Amino acid sequence: MARGSSAPVPADALLDLETRAAPSDHAALRVWLRLLATTNLIERRVRRKLEDQFDTTLPRFDLMAQLHRAPDGLKMSELSKRMMVSGGNVTGIADSLEREGMIRRIADPRDGRASLLRLTDSGRRQFRSMAERHERWIVEIFASFADREIAELAALLARLKQSVRGLEEQGGER
């Protein structure tokens, strides 16, 4: 459909940020929108599968993943940094997981004023089950790519990530 057309836009297209790009837009902008649209599609699929198969949310899965990687536990402030969300968001998720017996709070041996969050045995089993399924979902998404293509894509994205980090370290625009 041409830009500016009065024909109705399908709901899926409204969710696809790539539709914002015009052929005359810079190629870098079109690639950025394609990356964003693809990320949104993958995230929406993962969210739906977590909800359907485990009755859980992506933020809960992410918090459990962070605790799984840190068997000695993490402070709420560290979880907040790692998850890139506010402390209030972490607290709400942690409280819910604690009520369900998936995590527990323990005193931080290095800081008597703080506590650490750790997965319980039940939480660890539940997370492993979700993580195994999550990995299959992601592998399924990339199933149409040859190993060589996945490696190429990973290398290109690593270069892009490094480029962005370099710009951030410079502290400004070029």
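**Figure 1. Aromatic pairs in the predicted model.** The structure is a predicted model. A search of the whole structure returns 3 aromatic pairs. One of them joins phenylalanine 61 and phenylalanine 127. Their ring centres lie 5.3 Å apart, and the planes meet at 35°. The pair is tilted. It links distant parts of the chain, with the two positions 66 residues apart. Phenylalanine 61 belongs to helix 3 (residues 58–69). Phenylalanine 127 belongs to helix 6 (residues 121–141). Both phenylalanine 61 and phenylalanine 127 are buried.

**Figure 2. The pair of phenylalanine 142 and phenylalanine 145.** This aromatic pair is also described as tilted. Here the centres are 5.8 Å apart and the planes stand at 50°. Phenylalanine 142 has a relative accessible area of 27%. It counts as partly exposed because this value falls between the 20% limit for buried and the 50% limit for exposed. Phenylalanine 145 has 36% relative accessibility and is likewise partly exposed.

**Figure 3. The largest nonpolar core.** This core holds 25 residues. Leu50, Leu63, Leu67 and Leu79 have the most contacts inside it. Six elements each supply at least two of its residues: helix 2 (27–54), helix 3, helix 4 (76–83), helix 5 (87–99), strand 2 (111–119) and helix 6. Helix 3 gives the most, with 6 residues. In soluble globular proteins, nonpolar side chains tend to be buried together.

**Figure 4. Surroundings of leucine 67.** Leucine 67 is among the residues with the most contacts inside the largest nonpolar core. Neighbours within four places in sequence are left aside here. Beyond them, leucine 67 is in contact with Leu74, Leu79, Ile103, Leu117 and Leu119. Two arginines, Arg118 and Arg124, are also in contact with leucine 67.

**Figure 5. A nonpolar patch on the surface.** Phe145, Ile150, Leu153, Leu157, Leu160 and Val164 form this patch. Together they have about 450 Å² of accessible area. Phenylalanine 145 thus appears in two views: it is a member of this patch and a partner of phenylalanine 142 in an aromatic pair. Isoleucine 150 sits in helix 7 (residues 147–170). Its relative accessibility is 33%, so isoleucine 150 counts as partly exposed.

**Figure 6. Aspartate 55 in its loop.** Aspartate 55 lies in the loop between helix 2 and helix 3. Its phi is near 50°. That is a positive value in a residue other than glycine. Aspartate 55 counts as exposed because its relative accessibility is 59%, and the cut-off for exposed is over 50%.

**Figure 7. Methionine 84 in its loop.** Methionine 84 is found in the loop between helix 4 and helix 5. Phi is positive at methionine 84 too, near 55°. This residue is exposed, with a relative accessible area of 75%.

**Figure 8. The protein behind the close-ups.** The protein has 7 helices and 2 strands. Along the sequence they follow the pattern α-α-α-α-α-β-β-α-α. Of its 174 residues, 26% count as buried. Among contacts between residues at least 6 apart in sequence, 44% join residues at least 24 apart. The accessible surface comes to about 12200 Å². Carbon and sulfur atoms account for 53% of that surface.

Technical notes
Residues are numbered from 1 along each chain as its sequence is written. This is a predicted model: local features need pLDDT of at least 70, side-chain atom pairs count only at pLDDT 80 or more; totals for chains, interfaces and linings use all residues. Side-chain values use heavy atoms; hydrogens and water are left out. Rings of Phe, Tyr and Trp (its six-membered ring) pair if their centres lie within 6.5 Å; planes under 30 degrees apart count as stacked, over 60 as edge-to-face and the rest as tilted. Helices (H or I, at least four residues) and strands (E, at least two) are DSSP runs, numbered from the N terminus. Buried means under 20% relative accessible area, exposed over 50%, partly exposed in between (1.4 Å probe, protein chains only). A nonpolar core is a set of buried Ala, Val, Leu, Ile, Met, Phe, Trp, Tyr and Cys residues joined through side-chain atoms within 4.5 Å. Contact means heavy atoms within 4.5 Å. Patches are made of residues with over 30% relative accessible area and no salt bridge: like charges are joined within 9 Å, nonpolar side chains (Val, Leu, Ile, Met, Phe, Trp, Tyr) within 5 Å. Accessible areas come from the Shrake-Rupley method with a 1.4 Å probe; for residues, only the protein chains shown count as cover. A salt bridge is a side-chain nitrogen of Lys or Arg within 4 Å of a carboxyl oxygen of Asp or Glu.
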